[in-house]
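Here are some short exercises to work through with the model open beside you. Try each task before reading its solution.

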Amino acid sequence: MKINIGIPEEERSAISESLKKLLADTYTLYQKTHSYHWNVTGPMFQTLHLLFMTQYTELWNAIDPIAERVRSLGYYAPMGGWEFAKYSSISEDKEVPKAKDMIKNLVEGNEAVIRTARAAYAPAEKGNDQATLDLLTQRLDIHEKTAWMLRSLLEE
């Protein structure tokens, strides 16, 4: 059945493409944060282990609403690692970084998600898509706060 939600096909397509990028960045950051939780070592182990768990749990809970927004617009969400890699601006680690580098990498990852979310505003505004705009605002708030908290750990 044809979709008739007040957003023309061209705008829905552009919005969904931007949301696929946000989904891929969020999923990649989730995986990175979860693997850091498993692999962190050093004097800040307990603090970072718990912090990373809080962060990856929040990211995990964010994935479904983003994917479901893509589906609500009439498109399929990315289906696997190859497709997430195609859309994501966040690179995977080739080896386990030191704890301080994990923090830096997560700051950069959260900032990448922020940039991706900001880039999604234009198509959502053009399509007068308040639901996507609301989702983007929520994600920006969380990632900006998370990046700030992680940056705070790097101050000496």
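The exercises below go from single residues to charged pairs.

This is a predicted model, in which local features need pLDDT of at least 70, side-chain atom pairs count only at pLDDT 80 or more, and totals for chains, interfaces and linings use all residues. Residues are numbered from 1 along each chain as its sequence is written, and side-chain values use heavy atoms, with hydrogens and water left out.

**Exercise 1.** Describe the place and surroundings of His143.

Step 1: Find the element. His143 sits in helix H5, residues 130-154 (helices are DSSP runs of H or I with at least four residues, numbered from the N terminus).

Step 2: Check the accessibility. His143 counts as buried because its relative accessibility is 1% (buried means under 20% relative accessible area, exposed over 50%, partly exposed in between, with a 1.4 Å probe and protein chains only).

Step 3: List the contacts (heavy atoms within 4.5 Å). Not counting residues up to four places away in sequence, His143 touches Leu29, Leu59, Asn110, Val113 and Ile114.

**Exercise 2.** Now do likewise for Ile5.

Step 1: Ile5 belongs to the segment before helix H1 (9-39).

Step 2: With 45% relative accessibility, Ile5 counts as partly exposed.

Step 3: Beyond its neighbours within four places in sequence, Ile5 contacts Arg12, Ser72 and Leu73.

Step 4: Compare sequence and space. Ile5 and Val70 are 65 residues apart in sequence, and their C-alpha atoms are 13 Å apart.

**Exercise 3.** How many salt bridges does a search of the whole structure find, and which parts does the one between Glu58 and Arg139 tie together?

Step 1: Count them. The search finds 7 salt bridges (a side-chain nitrogen of Lys or Arg within 4 Å of a carboxyl oxygen of Asp or Glu).

Step 2: Take the Glu58 and Arg139 pair, whose closest N and O atoms are 2.7 Å apart. Glu58 is in helix H2 (residues 45-72) and Arg139 in helix H5, so the salt bridge ties together parts 81 residues apart in sequence.

Step 3: Look at the accessibility of both partners. Glu58 is partly exposed at 24%, while Arg139 is buried at 5%.

**Exercise 4.** Are Arg69 and Asp129 buried or exposed?

Step 1: Locate the pair. The side chains of Arg69 and Asp129 form a salt bridge at 2.8 Å, N to O. This pair links distant parts of the chain, 60 residues apart: Arg69 is in helix H2, and Asp129 is in the loop between helix H4 (99-126) and H5.

Step 2: Read off the result. Both Arg69 and Asp129 are buried.

Notes
Helix = DSSP H or I, 4+ residues; strand = E, 2+ residues; numbered from the N terminus.
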